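Hi,

Here is the structure I promised to pass on. Have a look, and my notes on what turned up are underneath.

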Amino acid sequence: MKMQHVKWLLIPVLILGVYLLSTFLGSEKKDSGPLGKKSWAAPVETAAIERGPMALSRTFSGTLESNAEFLVAPKVSGRVEHLAVDMGDPVFRKQEVARLDNDEYVQAVAQAQADMAVAEADLTGAENAREIAERELNRMETLKKRGVSSASQVDAARAEWLAAGSRVDMARAVVLKARAQLETARIRLGYTTVFADWTGGSDTRFMAEKFVTEGDTVSANTPLVSIVELDPLLAVLFVTEKDYGRLEIGQPAELSTDAFPGRFFQGQIARISPVFKTQTRQARVEVRVANPGLELKPGMFVRVSVVLEQVADTLMVPETALVTRNQETGVFVVSPDKTTVAWHPVVTGIRQNGRVQVQGDDLTGQVVTLGHQMLDHGSLIRIPDPAVPKSGFDRKGPHEPA
């Protein structure tokens, strides 16, 4: 009997439990439906759509090189007797750089002068002999007219005169040869003093490196020192096909280097290679940079910034505002009353300092920069008060009141 009473008492309890459970589940279903979803405002952060100038720039890594560099070498062999410059010294156009031991070349000049004197003496003797032969020929011809000498004697005198003339011509050729040898000896003697000379550019350059010391014996064309031009310099960089078509000769560039942090040097593109290297698929570009203070040096690593494209007036939004939905890029634009958002597809362009150029219809006001994952077209939003800590704001669930 007691068990039956217990059963009758449990029946109302079970009915009440089922009723409460169904009521709870129904309310959850109702809240999770479209009406419930719309009644919840997603927390977001926003930023203003701005208008102004934008520029697309690229920064390339490069190396400074001298605009002109050459090696100074003697044209003759000898022992280095004196070096007139040392590393880092300024070198002026046609300045003496080195001097070789010239004793051998001085002796060669003296020998050539002696040979020249002998040749000139031989020429004088040949000319005197020709005059004597000419007088003898004239005498024989006069005697023949008087019937004293024979025709054979006249012919012999004429032959001697012609031979004397040939000896004069030969002596003159020997003199010319001796004079050329003397001039050659003098030139070679002059080569023992080595000068630095160049065409174009500034009159002052600098000694970058020396390869010999005083006392070394060098052969002809052995490099003694290298001379470089430091103003202007060239920044050599290599660009890919993506940026190649946007570069032009004369385009301004800005350079920076770790040697002078915080400082920038101005230059412009001077040369663009017409070919790409097959190994790297890159083309060489040379940027000329003025260096009047001689602070920049060849071999320095530099970063070169070049503006590839710029617009004077355009719309821009933070990059964090861009969202991709269904393979389409766009932004969520905040309504004027700041309660809902509208999805707007956009076309992006230049990116600069965290902002991106956009083109689209009805882009005014503000865009969502944080909280996109909770939004659709027409979603309700709420923009938190900056004074409220974000941690407290983020703890609110989707069913809690704003």
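Let me begin with Glu229, which sits in the loop that links strand S11 (225-228) to S12. Keep in mind throughout that this is a predicted model. Is Glu229 buried or exposed? Its relative accessibility is 3%, under the 20% cut-off, so Glu229 counts as buried. As for what surrounds it, and skipping residues up to four places away in sequence, Glu229 touches Ser66, Asn67 and Ala68, and also Gly201, Ser202 and Arg205.

Next, the nonpolar cores. The largest one has 23 residues, and Leu64, Leu255, Val287 and Val304 are those with the most contacts inside it. Which strands supply at least two residues each of this core? They are S3 (50-66), S12 (233-239), S13 (252-256), S14 (265-272), S15 (283-289) and S16 (301-318). There is also a second, separate core of 19 residues, with Leu83, Val91, Val97 and Ala196 among its members.

Leu64 is worth clicking on if you have the viewer open. Leaving aside neighbours within four places in sequence, Leu64 is in contact with a run of residues that includes Leu233, Leu234 and Ala235, along with Leu255 and Val289. Also on the list of Leu64 contacts are Leu296, Lys297, Pro298, Gly299, Met300 and Val302.

Now for some strand pairing. S16 and strand S21 (residues 355-359) run antiparallel and are joined by three bridges; Pro318 stands opposite Arg355 in S21. On top of that, four bridges join S21 to strand S20 (residues 347-352), again antiparallel, and here Thr348 stands opposite Val358. S20 and S21 make a hairpin with two residues between them, and Asn353 in that turn has a positive phi of about 50°.

Last one: His372, in the loop between strand S22 (366-370) and strand S23 (381-382). With a relative accessible area of 12%, again under 20%, His372 is buried too. What does the His372 side chain reach at 2.9 Å? That would be the backbone oxygen of Val368. A polar atom of the same side chain, that of His372, also lies 3.2 Å from the backbone oxygen of Thr320. Not counting residues up to four places away in sequence, His372 touches Thr320, Ala321, Val323, Arg325 and Phe332.

That's the tour. Shout if you'd like to go through any of it together.

Cheers

Methods
Residues numbered from 1 in each chain as written. Predicted model: local features only at pLDDT ≥ 70, side-chain atom pairs only at ≥ 80, totals over all residues. Heavy atoms only, no water. Buried < 20%, exposed > 50% of the residue type's maximum accessible area, 1.4 Å probe, protein only. Polar contact = N/O pair within 3.5 Å; in protein donor to acceptor, adjacent residues only side chain to side chain. Contact = heavy atoms within 4.5 Å. Core = buried A, V, L, I, M, F, W, Y, C linked by side-chain atoms within 4.5 Å. Pairing = 2+ DSSP bridges.
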